[in-house]
Structure formats: structure tokens, C-alpha cells
Amino acid sequence: MKYISTRGQGGEKSFQEVLLAGLAEDGGLYVPAELPQFSLEKIRSLRGLPYNELAFEVIKPFVAGEIPDAKLKEMIDDSYAEFAHEAVAPLTQLKSQQWVMELFHGPTLAFKDFALQLLGRLLDYVLTEKGERAVVLGATSGDTGSAAIEGCRHSEALDIFILHPYQRVSEVQRRQMTTVLDTNVNNIAVQGNFDDCQAMVKQCFSDQSFLPENTSLVAVNSINWARIMAQVVYYFHAALELGGPDREIAFSVPTGNFGDIFAGYIAKGMGLPIGKLVVATNQNDILHRFFQENDYSKQGLEHTLSPSMDIMVSSNFERLLFDILGRDGKALADLMATFESTGKLSVTDDRWQNIRKLFDSSRTDDQSTCEAIKALFDRTEYLADPHTITGIRALEEVKIDSSMPKVVLSTAHPVKFPEAVEKAGLESPELPHHMKDLHDREERYDVVDNELNSVKGFIQKRLSQ
Ligand SMILES: *Cc1c(COP(=O)(O)O)cnc(C)c1O
């Protein structure tokens, strides 16, 4: 198993290289040169396995022997042992032929734990083997920082610095980050907004000379291939629970950067019978416009009630475009250059028709989000978070064979997004049992000026302590 860049340069890379690199040198994203193929017989043989054992079987071919099996197995076991539900990704039926797969039973109550729990452990192992250290640096508007922190807190070879805008993050989200007291975890509250935080992270990546020797920055954002790889597993899990691979399953996925749903596309490419993949967006609908009108064009950012899907461009979409263009790296690089200069792109009609056979899409605005949360609750007493509801609502809009089982990926616990739940006229739920004492836990964070040199200085100082 080797990996290549979507923009066609740089040759083949190993799993470990791709894991540490994040983005490829030519600006592209890494994808497997060829996908491992699972026969129907092989997939059937996975039926009934506990989640961690299934995960090992699905992930193993992507790692291609670069980590000893026993070690990989141990990391996977440890990653999913952190989850508060025995089934790890339980399915709840909402109506005939429709389920939600709850991906929010991990330590930070959102699906990103599935990938980041494993990514932290993989990075730790690979860096330790090489005798190197790395610094994980990221910015968060609230939701995603905590998953990265939880994923890295036990890593000996990693220090993690997460920037968040001071006093502009909800209390639950801040506490999920700042009550992690491990010595390698550093929360920086920047006296600025999220864009300031993100800009400074970018600048740190482009000039890493402020770091000590033998230390580099690694990105754990959703373009890292290992995150996609970990997310492929739960598509197999859901399908196997619902009669796959002997029938086709449809998935509806609340989507921002296209990482989560791309993992479903990979599962299909490996041989899992998936009948439909539905892209559910909020008002930031660049993907919806692509799948409905072949118009992938950048518009302004809208802040919505489902903030983890607030994007202008969808970073992992390039991976699908690469396949749409017949895996022609040169053609993709040209198309991305067009996009960078004009802010829009489209593909030829036959290529677009072809990808539309598998993908459909739907857009849900804030008002429909609240209405749908309320309507679902009134009908079933199931409380969906504002991201998940976009996936549920999408199934009312798109046409799928009524006898096909449909699974909505539930990406977050509703307690994380009380604003939408309250706007829907419902009461915000209580924190789950294992987090009940969140508001009593000790917090630690440092407030830093909105200045690049202050942030760099802070990181330097911490690393030398
Ligand atoms: C990150 C996130 C999403 C979007 O996932 P992508 O992989 O970026 O498409 C959806 N819902 C929640 C709660 C998230 O945290």
C-alpha cells in the first residue's frame, strides 16, 4: 500500500510519511495509490465483531505492515476503550428503514474523537520510533480543539498548543479543553477572534524557525489521511448491523470539510455495497451547489447554529475531485489553480452525471434546523444536535428507494450546542454521566496578546520548560 498526492507530484509515499506530513509538498492531499479490496465473503466474515476488532481489520491494510500488528491492535483497542457506550457507535432507529448512528460517545462528545483518539497514538508511536518530537498546533472556534487535545494528552512525543479566541467560546467547549491538565497540553486564549487565531497558526507553519531543533509542527486537521482511514470503519460497522453486505445501505452525512463523507466513499471503493451518499450542508452550501448544479464556487462565510460545518471551501473535496477527473493529477492541479484564481470550478457534464449516481445533497438553513429539531423531538422524543438534524432532514428531501436502510451519522451530542436546542423551544439536555462534574473541574489556560510574536514566544517558553 502506497500513497500519492492528488496533484500528481512527489511520487509514492509510505503510510508513516503520509501520517507525519499532512499536506503533500505539491499542495495536494494524499490518497491511497490503490484501495484495498474486500470481497463480499470477507465483509460477511466481519459481521458481529466488536467495534475495536472490526476497526483493526479495516485499518490494517492501510497501515501496510509499517506498524507491527500487535502494536496497531493495542492502539486501536485503547482508542475505543475511551468511549462511554459499549457498542462504541450504537444505532438508534428513528423510523422505518431509518437509523441514526451515534458517533458522540467519545471523550469530547463528537465524532472527531473516532479519528483523533487513534491519530494521537499513531503519531506518538511513529515519532518515538524515530526518536523525534513534534508539536501539534491548531486553532479552534470551540468544537474541534478538545478532540485534538483528548487525542494527544497521553502522547509522550507530542506537545499540543490549541489557540482559541478569549471569551468567545462557550463555557462547555472551553472547559472541555482547559480542564485537561496533562503537562503536554497548552491552551492559549488569544485576545482576538477565531480568524486571528487561524492566521497565526498558518504563519507558524510557514516559518518554523522559532522551534527548537529536531522539533516540527504537525497538523491534525481533517486533511490528514489517517483521520479519514479511522472513519471508514463505522461505515462497515453500520452496514454489517443492518444486513450488509447482502443489501445496499444509504448514508446521510452532516458535512463541512468533506472528511467524514469521503470516508464513506472509501468504504464503497473497498467493496462495501453503499447505495447512496447524501451530503447534508447548512447555509454554507458550496458542496450542495456542486452536487445540484455542478457549481463549486466560493461565497462568504455564514455563522450558523451548526458551527462545525461553517466552511467556505471544503478541504477534502479535492480528494473526490481527483477521482472525478479519472485520477489525473495534472488535470486536478490545473483545476485547483483555476479555483484559486477565479473562486469557482465545475467539471464536464458526463463526469458530473457519473458522480451524481452515488452522491446526492441537501441544504438546511438555521430556521429549518430549529423546526426540524422540534418536529423530530415531538414525534419521537429523540433530541438531535443541529449538525445531525441536517442529515435527518436531508433524507426527507432526496429520493432513495424506500426499502433501502438509511443511516444518518450523528456527529455530536446535543448538549454541546444548547443554542440551537433552545431556539427550537426545547430544553438543553444534561451532561452525560461521565462528564457531570465538568463545571467543577480545575481549569488551566493562558491569555496571550493577539500578536504573532507573543504566541511564538509563549510556545518557545513552554517547550523549554
Ligand atoms: C467536523 C464536524 C462536522 C463536519 O465533518 P467534515 O468531516 O468536516 O465534513 C459535522 N458535525 C460536527 C459536530 C463536527 O464536529
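Here are three short exercises on a predicted model, with worked solutions.

**Exercise 1. Work out which residues surround the ligand and how the shell splits by class.**

Start with the head count: 15 residues surround the ligand. Next, pick out the closest, which are K112, G256, N257, D260 and T411. Then sort the shell by class, and you get five nonpolar, seven polar and three charged residues.

**Exercise 2. Find polar atoms of G256, N257 and T411 that pair with ligand atoms, and say whether each sits in backbone or side chain.**

Take G256 to begin with: one of its backbone N or O atoms lies 2.8 Å from a ligand oxygen. Move on to N257, where a polar backbone atom is 2.7 Å from an oxygen atom of the ligand. With T411, go to the side chain: an N or O atom there is 2.8 Å from a nitrogen atom of the ligand. Now for the ligand's surface: taken alone the ligand exposes 380 Å², and the protein buries 97% of that.

**Exercise 3. Describe how helices α5 and α3 each cross α9.**

Two packed helices are described by the angle between their axes and the distance between the axes, so grab both values for each pair.

- Step one: the axes of α5 (residues 112-130) and α9 (residues 225-241) come within 8 Å and cross at roughly 130°.
- Step two: angles over 145 degrees would count as roughly antiparallel and 65 to 115 as roughly perpendicular, so α5 and α9 are oblique to each other. The crossing of α5 past α9 is right-handed.
- Step three: for α3 (residues 51-63) and α9, the axes come within 9 Å and cross at roughly 135°. This pair is therefore oblique too, and α3 passes α9 in a right-handed crossing.

Key. Residues numbered from 1 in each chain as written. Predicted model: local features only at pLDDT ≥ 70, side-chain atom pairs only at ≥ 80, totals over all residues. Heavy atoms only, no water. Near = heavy atom within 4 Å. Polar contact = N/O pair within 3.5 Å; in protein donor to acceptor, adjacent residues only side chain to side chain. Areas by Shrake-Rupley, 256 points an atom, 1.4 Å probe, with all protein chains shown as cover. Nonpolar A, V, L, I, M, F, W, Y, C, P; charged D, E, K, R; others polar. Axes fitted to C-alpha atoms, helices over the stretch in contact; angles between N-to-C directions. Helix = DSSP H or I, 4+ residues; strand = E, 2+ residues; numbered from the N terminus. Parallel < 35°, antiparallel > 145°, perpendicular 65-115°, else oblique. Left-handed = near helix turned anticlockwise from the far one by under 90°.
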